[in-house]
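Reader: I would like to learn how to read a model of a protein with a bound ligand, one feature at a time. Could we go through it together?

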Amino acid sequence: MLFPDYRPRRMRQSDAFRRMVRETVLSPDDLILPLFAIGGKDVKNPIASMPGHFQLSIDHLTKTARAAHEAGVPAIMLFGIPDKKDPLATSAYAKDGIVQKAIREIKNRVPDLVVISDVCLCQYTDHGHCGVVEKGIIDNDASLDLLARTALSHARAGADMVAPSDMMDGRVAEIRNVLDENDLSSVPIMSYAAKYCSAFYGPFRQAAHSAPKFGDRRTYQMDPANGQEAIREATMDAEEGADILMVKPALPYLDIIYRIRQELDLPVAAYHVSGEYAMIKAAEEKGWVDGPRIMLESLTAIKRAGADMILTYFALDAARALREG
Ligand code: PBG
């Protein structure tokens with residue numbers, strides 16, 4: 001492999017050659033679109049830091065879900081914005097909660113679209129933490145039952161898959177048990193296995209009204225400095241019954257995606273999060289970068305690192321761009 005016998009440029013000289021040796025090909029099948037459900041009718045509140053995204057009432061949500069399905073996106077991830085919050089997040093597991101209603105309506109209208117529900121308490125607790133708070137501390141074990149009840153109520157409403165994002169220890173096993181005991185053993189769990197305590201979630205917390213009212217999430221989300229720990233987290237979740245392991249955020253954590261892909265034998269999802277989206281959109285609006293190219297390059301890089309699927313606010317745009325070629 002030495003110059004001049006080997007010339008890497010030979011296989012780059014035409015589009016056809018480049019296509020023949022391309023190692024990573026992005027497809028709409030790889031993408032999952034996150035959406036925000038809110039109560040009311042004909043509500044479409046723009047999310048300022050995420051141009052093109054909205055808090056959507058269920059009537060609009062079903063339209064966007066249908067558009068995603070038509071663009072070839074196989075799945076959406078649903079987040080709810082409830083109208084009331086309390087210390088025990090009761091609207092997270094209410095039968096007629098916002099996510100439960102949205103799931104039923106979308107599964108009715110667009111049955112072939114996979115509906116994944118985010119399972120967490122932070123949008124539903126008045127303190128904004130992802131678990132139960134006792135004397136200012138997030139109580140791990142007291143949170144498990146509420147998380148499992150939330151997952152169960154989503155699955156009962158028709159969610160095709162549940163995705164716990166709270167980062168409490170032991171929640172995958174708890175959710176798996178409760179689903180199995182309730183004849184829902186066919187519902188898979190996509191675990192937010194390596195979820196970092198990241199500033200890249202800023203725009204999401206504005207969109208979902210889920211910022212913690214005191215402190216931060218460092219006692220449950222992972223320290224961005226740690227890589228080995230992500231392997232332990234992912235191994236535990238796999239042993240507890242996770243079907244898909246997620247890494248979040250994506251681009252700043254490509255090494256983690258790569259390592260989990262190498263060391264574990266489950267499908268890997270990467271969450272290209274709100275801040276990653278917002279930065280690209282802001283730079284594009286300023287005319288500083290070519291937005292559509294950065295979008296596809298970023299998603300291709302995430303897939304190249306080892307992600308089998310990517311949750312991204314670009315899902316609809318990217319799927320359309322890929323179809324147009
Ligand atoms: C809820 C949750 C968050 C995100 C997904 N689920 C916010 C957080 O942990 O504070 C972030 C998604 C994004 O930034 O796009 N726990």
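Reader: Let me begin with the ligand: where does the ligand sit?

Author: The model is a predicted one, and in it the ligand sits in the largest cavity.

Reader: Which residues around the ligand come nearest?

Author: There are 18 residues around the ligand, and of these Lys 195, Arg 205, Lys 248, Ser 274 and Tyr 313 come nearest. Sorted by class, the shell around the ligand holds ten nonpolar residues, five charged residues and three polar residues.

Reader: How should I read the polar contacts, and what lies 2.6 Å from an oxygen atom of the ligand?

Author: A polar contact is a pair of N or O atoms within 3.5 Å. In this model, a polar side-chain atom of Tyr 313 lies 2.6 Å from an oxygen atom of the ligand. Nitrogen atoms of the ligand take part as well, since Ser 165 has a polar side-chain atom 3.3 Å from a ligand nitrogen, and the side chain of Lys 248 places an N or O atom 3.4 Å from a nitrogen atom of the ligand. As for cover, the ligand taken alone exposes 400 Å², and the protein buries 100% of that.

Reader: Turning to the backbone, which peptide bonds are cis?

Author: The general idea is that most peptide bonds are trans. Here, a cis peptide bond joins Phe 3 and Pro 4, with omega about 5°, and Pro 4 is found in the segment before α1 (15–21). Another cis bond runs from Lys 248 to Pro 249, where omega is near -10°. Pro 249 is found in the loop between β10 (244–248) and α8 (254–263), while Lys 248 is also among the residues that come nearest to the ligand.

Reader: And what is the value of phi in Lys 135?

Author: Most residues other than glycine have a negative phi. In Lys 135, however, phi is near 50°, a positive value, and this residue lies in the loop between β6 (132–134) and β7 (137–139).

Reader: Finally, which elements have the lowest and the highest mean pLDDT?

Author: The pLDDT is the predictor's confidence in each residue. Among the elements of the protein, helix α6 (residues 202–208) has the lowest mean, 94, whereas strand β12 (residues 309–312) has the highest, 99. For the protein, the mean pLDDT is 97, and 100% of its residues reach 70 or more.

Conventions:
Residues are numbered from 1 along each chain as its sequence is written. This is a predicted model: local features need pLDDT of at least 70, side-chain atom pairs count only at pLDDT 80 or more; totals for chains, interfaces and linings use all residues. Side-chain values use heavy atoms; hydrogens and water are left out. A residue is near a molecule or strand if one of its heavy atoms lies within 4 Å of it. A polar contact is a pair of N or O atoms within 3.5 Å; within protein, one must be able to donate a hydrogen and the other to accept it, and residues adjacent in sequence count only if both atoms are side-chain atoms. Accessible areas come from the Shrake-Rupley method with a 1.4 Å probe; for residues, only the protein chains shown count as cover. On a 1 Å grid over the protein atoms alone, a cavity is a set of points where a 1.4 Å probe fits but cannot get out, and a pocket is an open set with protein on both sides within 12 Å along at least five of seven lines; lining residues have an atom within 4 Å of a point. A molecule sits in a cavity or pocket if more than half of its atoms lie within 2 Å of its grid points. Ala, Val, Leu, Ile, Met, Phe, Trp, Tyr, Cys and Pro count as nonpolar, Asp, Glu, Lys and Arg as charged, and the others, Gly among them, as polar. pLDDT is the predictor's confidence in each residue, from 0 to 100. Helices (H or I, at least four residues) and strands (E, at least two) are DSSP runs, numbered from the N terminus.
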